[in-house]
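Here are my notes for you to read alongside the coordinates. Please check each point against the view.

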Amino acid sequence: MVLSPADKANVKAAWDKVGAHAGDYGAEALERMFLSFPTTKTYFPHFDLAHGSAQVKGHGKKVGDALATAVGHMDDLPSALSALSDLHAYKLRVDPVNFKLLSHCLLVTLASHHAAEFTPAVHASLDKFLASVSTVLTSKYR
């Protein structure tokens, strides 16, 4: 999916507002995903999935950091996320649908924390961005 200049500006502006909360929002989105889509828990059998657990917070930080990398490299997502794509495809073997589920939970999390800024245009841009990230992360599955 091609991001327009307006989409890129919307994503950058939204992510600037996320700032230092990226890890917290990543953890919150993971918790939402585990609660809303319980089958996603199967990829984390060794995690304490309780609310506020250190392991979920740690993985949330990884999610936030990966998205920050993606925001910084919107023009070359495949190169920026190549190692992460390899990890999820070849080592972890995560079902590709889970990236879409997490993307949805991220959108809900961002909307709940930044309701005033979460306009329809920003929502659409973030959705396209997260779809692009998901596409890159699942590209090695083919």
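The points below take up the pocket and then the aromatic rings.

1. First, the status. This is a predicted model.

2. The largest pocket has a volume of about 710 Å³. Its lining counts 30 residues, and those closest to the centre are Phe44, His59, Val63, His88 and Phe99.

3. Which helices build the lining of the largest pocket? At least two residues each come from helix 2 (22–36), helix 3 (54–72), helix 5 (82–91), helix 6 (97–113) and helix 7 (120–138). Helix 3 gives the largest share, with eight residues.

4. Now the chemistry of that lining. Of its residues, 20 are nonpolar, nine are polar and one is charged.

5. How many aromatic pairs does the whole structure hold? The search finds two. In one of them, Phe34 and Phe44 meet edge-to-face. Their centres lie 5.2 Å apart, with 70° between the planes. This pair links distant parts of the chain. Phe34 sits in helix 2, while Phe44 belongs to the loop between helix 2 and helix 3, 10 residues apart.

6. Phe44 also pairs with Phe47, and this pair is tilted. Here the figures are 5.0 Å centre to centre and 55° between the planes. Ring pairs thus join Phe34, Phe44 and Phe47 into a cluster.

7. Is Phe44 buried or exposed? Phe44 has a relative accessible area of 14%. Buried means under 20%, so Phe44 counts as buried. Phe34 is buried as well.

8. Phe44 ties these notes together. Phe44 is among the residues closest to the centre of the largest pocket, and Phe44 takes part in the ring cluster with Phe34 and Phe47.

Terms used. Residues are numbered from 1 along each chain as its sequence is written. This is a predicted model: local features need pLDDT of at least 70, side-chain atom pairs count only at pLDDT 80 or more; totals for chains, interfaces and linings use all residues. Side-chain values use heavy atoms; hydrogens and water are left out. On a 1 Å grid over the protein atoms alone, a cavity is a set of points where a 1.4 Å probe fits but cannot get out, and a pocket is an open set with protein on both sides within 12 Å along at least five of seven lines; lining residues have an atom within 4 Å of a point. Grid points are joined across faces, edges and corners, and a volume is the space filled by probe spheres set on the points. Helices (H or I, at least four residues) and strands (E, at least two) are DSSP runs, numbered from the N terminus. Ala, Val, Leu, Ile, Met, Phe, Trp, Tyr, Cys and Pro count as nonpolar, Asp, Glu, Lys and Arg as charged, and the others, Gly among them, as polar. Rings of Phe, Tyr and Trp (its six-membered ring) pair if their centres lie within 6.5 Å; planes under 30 degrees apart count as stacked, over 60 as edge-to-face and the rest as tilted. Buried means under 20% relative accessible area, exposed over 50%, partly exposed in between (1.4 Å probe, protein chains only).
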